[in-house]
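Here is a short report for a reader meeting this structure afresh. Please look at the sequence and the model before reading on.

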Amino acid sequence: MGLLQEDRLFPVDEGTRALARSLYATVKDLPIISPHGHTDPRWFAENEPFPDPAQLFVTPDHYVFRMLHSQGIPLEAMGVPRADGGPTETDGRKIWRLFASNFHLFRGTPSRLWLDHAFSEVFGVNERLSAETADAAYDQIADCLARPEFRPRALFERFGIEAIATTESALDDLRWHRMIRESGWQGRVVTAYRPDAVVDPEFAGFAENVAQLGQLTGEDTATWEGYLAAHRKRRSYFKEFGATSSDHGHATARTEDLPQAEAAALFARALTGACTAEEADAFRGQMLTEMARMSLEDGLVLQIHPGSFRNHSRPVLDRFGRDKGFDIPTRTDYVRALRPLLSAVGGDPRLTVIVFTLDETAYARELAPLAGVYPALKLGPAWWFHDSPEGMRRFREMTTETAGFYNTVGFNDDTRAFCSIPARHDVARRVDCAFLATLVATGRLDAEEAPEVAHDLAYRLAKEAYRL
Amino acid sequence: MGLLQEDRLFPVDEGTRALARSLYATVKDLPIISPHGHTDPRWFAENEPFPDPAQLFVTPDHYVFRMLHSQGIPLEAMGVPRADGGPTETDGRKIWRLFASNFHLFRGTPSRLWLDHAFSEVFGVNERLSAETADAAYDQIADCLARPEFRPRALFERFGIEAIATTESALDDLRWHRMIRESGWQGRVVTAYRPDAVVDPEFAGFAENVAQLGQLTGEDTATWEGYLAAHRKRRSYFKEFGATSSDHGHATARTEDLPQAEAAALFARALTGACTAEEADAFRGQMLTEMARMSLEDGLVLQIHPGSFRNHSRPVLDRFGRDKGFDIPTRTDYVRALRPLLSAVGGDPRLTVIVFTLDETAYARELAPLAGVYPALKLGPAWWFHDSPEGMRRFREMTTETAGFYNTVGFNDDTRAFCSIPARHDVARRVDCAFLATLVATGRLDAEEAPEVAHDLAYRLAKEAYRL
Amino acid sequence: MGLLQEDRLFPVDEGTRALARSLYATVKDLPIISPHGHTDPRWFAENEPFPDPAQLFVTPDHYVFRMLHSQGIPLEAMGVPRADGGPTETDGRKIWRLFASNFHLFRGTPSRLWLDHAFSEVFGVNERLSAETADAAYDQIADCLARPEFRPRALFERFGIEAIATTESALDDLRWHRMIRESGWQGRVVTAYRPDAVVDPEFAGFAENVAQLGQLTGEDTATWEGYLAAHRKRRSYFKEFGATSSDHGHATARTEDLPQAEAAALFARALTGACTAEEADAFRGQMLTEMARMSLEDGLVLQIHPGSFRNHSRPVLDRFGRDKGFDIPTRTDYVRALRPLLSAVGGDPRLTVIVFTLDETAYARELAPLAGVYPALKLGPAWWFHDSPEGMRRFREMTTETAGFYNTVGFNDDTRAFCSIPARHDVARRVDCAFLATLVATGRLDAEEAPEVAHDLAYRLAKEAYRL
């Protein structure tokens with residue numbers, strides 16, 4: 001017996017399970033398209049061994065350390081770095097034992113599925129992690145990590161990744177992407193254009209960032225026209241390193257389509273730091289529409305994923321900084337928020353705008369009806385907290401009837417956790433095959449049509465939507 | 001093999017499926033009560049043949065053309081008329097081929113179920129629509145349409161419709177309903193009172209409309225009392241043509257119960273066109289309560305279905321006008337919004353107020369608790385985008401535990417698509433039987449009780465709630 | 001045949017049902033921990049017989065009389081007392097017959113499950129209630145109630161209740177709890193601290209209530225410091241009678257963490273009755289954080305259950321007073337609302353804050369992400385209208401993936417209906433076992449792990465979270 005049940009995530013009814021199993025057989029070995037994620041390009045550039053098991057699985061994964069923290073374990077004990085550089089646990093084995101002895105906390109969670117998949121399929125660990133098995137698992141994984149076939153590029157190839165997108169700031173020099181390209185290695189690692197630092201007036205150092213964007217592009221970013229031109233040039237630079245998309249994570253889905261003179265005035269105020277919160281919000285919204293217009297010129301796909309209340313705990317932010325598992329979803333409106341952008345460019349089928357949500361109530365009510373009519377709009381997959389069997393099932397159940405399958409874009413893993421990538425795509429493929437099998441078993445889809453849809457959801461839609 | 005699987009939409013578990021199948025057998029041939037819809041009374045008045053297949057299935061059905069449009073097909077190519085009268089496709093066969101070659105877009109949608117049902121059961125087309133089968137299907141349907149047994153009245157009878165309600169503006173002369181009555185045909189086609197044009201201060205030509213209402217009724221609609229009296233007379237006129245309900249589709253569920261002097265002053269401002277948006281909203285809310293009071297006098301059922309953001313795309317509205325698939329649901333509050341009306345008349349069991357929602361989050365949270373206690377309030381069925389297998393299942397799962405079955409009103413098809421009526425009622429009957437079978441299989445309902453409930457949901461509740 | 005199907009609420013698939021059945025066998029006879037409820041301590045203090053069947057099952061149970069009322073039956077006919085003391089039905093048998101002849105209204109509701117369970121398991125009534133069986137059931141239950149083994153203490157023991165919490169106002173003298181303690185009876189009935197009357201500036205008689213709190217505790221409650229000290233003393237008094245928790249049911253989840261001087265000023269304004277609605281709301285929010293700080297000192301668990309719009313119908317409130325089934329859930333925000341409290345004390349693992357919701361949309365979006373990271377925060381079970389098979393299933397499906405099982409606290413029955421307590425816990429145990437069986441059958445939990453989780457959900461988590 002191993003950690004993984006062969007028929008996991010398939011329907012329990014035997015006949016429907018058999019349908020799901022046979023569909024899954026046709027897609028399980030398809031290459032992985034990972035068009036939106038946060039792996040570190042430096043891994044593939046330098047191709048150094050990953051550090052110890054705790055550094056691979058615990059310390060950097062906020063899904064993991066937030067669950068342990070929720071039961072009272074201090075972040076320091078898991079080696080999470082402090083903002084002030086103060087001491088935190090550095091003994092990988094000690095962190096690992098703490099993790100292992102609390103592994104029961106992950107029962108019923110997707111983290112458990114991902115971790116078991118990586119332990120078993122990547123590292124050959126086949127006993128359930130616990131206080132008792134902690135050391136053996138640690139040793140086995142540590143042994144593996146020392147071997148060449150567990151270096152980043154080798155794993156990339158073993159995972160069957162056809163293409164992966166990382167995400168870089170508009171101000172990033174893309175040195176690691178350059179190093180990958182110059183290395184001659186054939187793995188396809190592309191960047192994505194993430195301009196928060198230069199489109200959000202409330203971002204730390206906004207005016208300096210915009211000035212730096214000017215230096216990088218040779219444009220006069222003190223003017224609205226120069227600023228837009230700088231974006232165009234920078235997007236073009238990102239495209240040289242394979243970028244096919246831009247990525248925008250604002251607090252709300254607000255878009256604007258202001259007259260250019262008004263937008264220019266708003267930009268001028270933003271540069272002086274005199275923007276009100278409302279004006280900053282309007283400016284971010286305006287920039288989404290500007291980015292969409294640039295997309296019509298240069299073909300980059302526009303990704304919008306709003307709705308996270310960042311850094312919810314003030315003490316944790318003060319002590320540990322950003323991205324410590326305290327980003328909490330909020331209710332998000334899309335109907336009024338997306339209207340300016342959609343009225344401006346949403347009717348153009350050359351444009352692809354992909355919207356994600358953390359508010360599942362918008363699936364059936366707002367997003368499926370919008371994606372089911374606007375040529376430019378597509379729905380991103382179940383995401384972040386909803387990147388899970390139940391979350392993916394709800395996504396299909398609540399969007400398919402109104403948007404169909406062909407206004408969705410396959411799966412994104414959106415992860416920093418490299419070893420979880422095959423597991424996440426496997427979960428998505430299984431859940432989608434379970435959904436399709438249920439449609440077939442209930443007369444809503446022909447048995448002959450289902451394999452094509454399964455292939456589309458597992459591979460083709462992501463590849464085509466992201467132009468990879 | 002045909003297009004329709006015999007056990008479609010039943011539970012996949014064999015035992016539960018058998019229960020559902022036997023329940024369904026008891027209701028599948030019951031007459032259709034269609035108490036809320038948008039078929040054209042002219043069809044039944046003139047009884048002319050329907051035009052070509054594209055004019056029947058594609059061009060007028062916004063479910064269909066919005067899905068094709070979402071993939072970049074211009075509305076013109078599907079023959080959707082332009083507001084400026086400019087050219088659009090008129091070749092039915094060409095439109096049909098476009099539709100057929102994109103039929104895969106409807107996989108997993110209720111449109112697919114309805115279309116396949118109509119193709120197969122009404123027109124005997126038994127091959128899946130595709131580019132290859134397009135012409136054969138077109139020819140077969142076109143042949144049928146030329147025959148007398150496919151004229152509107154013949155189909156009405158063949159569909160087993162016991163009663164159908166159309167919906168007409170308060171200013172409509174009901175000529176087609178008069179013509180039906182005078183024809184001697186026995187089909188029961190009734191109207192419903194839809195007074196948007198004369199209760200919404202923001203409706204185009206509101207003051208003129210109100211003046212016209214005065215002319216039609218001989219009342220002085222320049223005064224609040226005269227205006228209310230005109231409504232009473234007009235409702236009475238609609239009742240002569242079988243109306244048993246009024247129908248109200250405001251943007252929100254807001255109701256008001258203002259002192260009469262205040263309502264009269266608001267009406268006076270509305271007539272001058274000087275209302276603010278807030279005042280217009282309050283006036284619409286006040287009129288819902290006034291209509292409820294009239295219902296207590298004349299017995300018409302009051303239907304409220306709020307929550308649609310109409311004509312979301314400005315360019316599409318400009319080019320093609322209203323009702324082009326760009327009406328998008330929004331978050332809707334019911335608890336505070338309905339309180340004035342419910343506090344005024346909600347305790348009176350002689351009144352029936354039926355509320356629909358496009359915001360499913362209100363089912364378990366707001367609407368079931370309200371309908372589960374107020375004598376006058378009933379829940380309309382899953383509606384519009386939610387008129388689908390998953391939508392209907394969610395409706396039952398989220399309302400039954402708190403409101404029971406007997407505060408719901410059976411099924412409404414709410415459709416313009418005449419040939420989809422049997423399909424829609426069939427889907428509703430199957431989904432309800434599947435739900436009841438699951439309750440029986442899980443010990444929540446006795447096997448002996450289920451057939452009575454199935455009959456109630458398929459037939460009795462709609463007939464009684466709508467007094468048909 | 002009886003009223004209860006042996007495998008009720010288990011999955012319909014045979015294999016999964018067998019898993020659920022065997023899990024359930026391990027928990028069905030565990031003692032009942034009822035840490036949050038509204039039974040009357042006087043029952044256990046005096047141990048008098050319960051009155052007639054109607055007084056036991058109909059008149060005091062708002063789940064029951066609201067459903068009958070929703071179909072037009074006046075509250076008077078069910079014996080619900082009028083605020084003005086006017087006449088209502090007093091003939092128990094007549095009320096019972098009305099109830100019995102409308103028993104079909106409860107089809108598909110949890111009330112039906114609870115009632116059938118109590119009829120069958122407590123009173124040996126094994127025929128479905130109806131007009132025909134009404135008298136026989138009435139007689140049988142009335143006979144039982146006259147016997148000593150149906151007195152409150154005997155039922156308490158027969159039900160296997162290990163501990164039950166009632167809820168008393170901060171101003172209550174706890175005389176019944178004292179009488180229980182002095183009686184020498186060993187049943188564990190504890191109180192809980194409910195301070196609405198003295199923390200809500202909008203509560204009737206707030207200033208007098210605060211003055212009374214001062215008298216009860218010997219503190220000067222005219223000052224902020226004295227007022228806080230009085231709370232501390234009163235909590236301590238409640239702890240003498242077993243209290244392990246405080247209980248807070250505000251309209252919203254708002255919390256505040258104001259500087260003490262500002263809080264004191266707000267309190268002073270509240271005492272004068274000069275608070276605005278906004279200030280009253282802020283004061284209630286501040287008091288939640290103050291209570292949390294006191295919990296850090298004295299160990300009481302803090303329970304927050306916001307989101308009910310109380311007494312929705314004005315006419316019913318006027319005629320019958322509060323708590324007549326007209327409390328309706330509303331949309332509730334938690335992310336911003338809880339932030340001040342959580343930033344202040346949410347990181348302290350010594351504190352337990354249990355949050356309930358009537359807005360299920362918050363489960364996956366807000367509450368699971370919050371409880372899945374803050375050490376102090378736990379999720380209360382599906383509650384009130386959601387204390388039902390579908391409600392409990394949704395709770396597990398929407399919270400487990402992000403919060404896991406160990407940030408939840410088992411089951412609360414939250415009921416006044418004493419005879420429904422075993423039924424409610426039985427439903428919860430069955431639904432949780434069904435959920436766990438499904439996880440096992442789909443490879444998301446090991447068969448060997450499931451019994452431990454089942455035991456945790458049925459018993460241990462409630463006992464530990466509530467420190468009982």
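The text below covers symmetry, the contact between two chains, the core and two backbone angles.

This is a predicted model, in which local features need pLDDT of at least 70, side-chain atom pairs count only at pLDDT 80 or more, and totals for chains, interfaces and linings use all residues. Residues are numbered from 1 along each chain as its sequence is written, chains are lettered from A and ligands numbered from 1 in the order in which they are written, and side-chain values use heavy atoms, without hydrogens and water.

**Symmetry.** A turn of 120 degrees and a shift of 0.0 Å along the axis lay chain A on chain B, with an RMSD of 0.0 Å. That is the relation of a three-fold axis. The superposition is by least squares on the C-alpha atoms of residues with pLDDT of at least 70 in both copies. Within chain A, A:Asp13 comes closest to the rotation axis, at 3.5 Å (C-alpha). The copies use different surfaces: 7% of the contact residues of chain A recur in chain B. Contact means heavy atoms within 4.5 Å.

**The contact.** Chain A gives 44 residues to the contact, and chain B gives 46 residues. Together the two chains bury about 3,900 Å², 53% of it on carbon and sulfur atoms. Buried area is the accessible area (1.4 Å probe) that two parts lose on being put together, summed over both. Eight salt bridges are counted between chain A and chain B. Such a bridge puts a side-chain nitrogen of Lys or Arg within 4 Å of a carboxyl oxygen of Asp or Glu. A:Arg444 and B:Glu390 form a salt bridge (3.0 Å, N to O).

**The core.** The largest nonpolar core has 164 residues. A nonpolar core joins buried Ala, Val, Leu, Ile, Met, Phe, Trp, Tyr and Cys residues through side-chain atoms within 4.5 Å. Buried means under 20% relative accessible area, exposed over 50%, partly exposed in between (1.4 Å probe, protein chains only). Among the residues with the most contacts inside this core are A:Tyr227, B:Trp96 and B:Phe123. B:Phe123 touches, among others, B:Phe57, B:Cys144 and B:Cys419, not counting residues up to four places away in sequence.

**Two backbone angles.** Most residues other than glycine have a negative phi. Two in chain C have a positive value.

| Residue | Phi | Relative accessible area |
|---|---|---|
| C:Asn47 | about 55 degrees | 19%, buried |
| C:Asp414 | near 55 degrees | 18%, buried |
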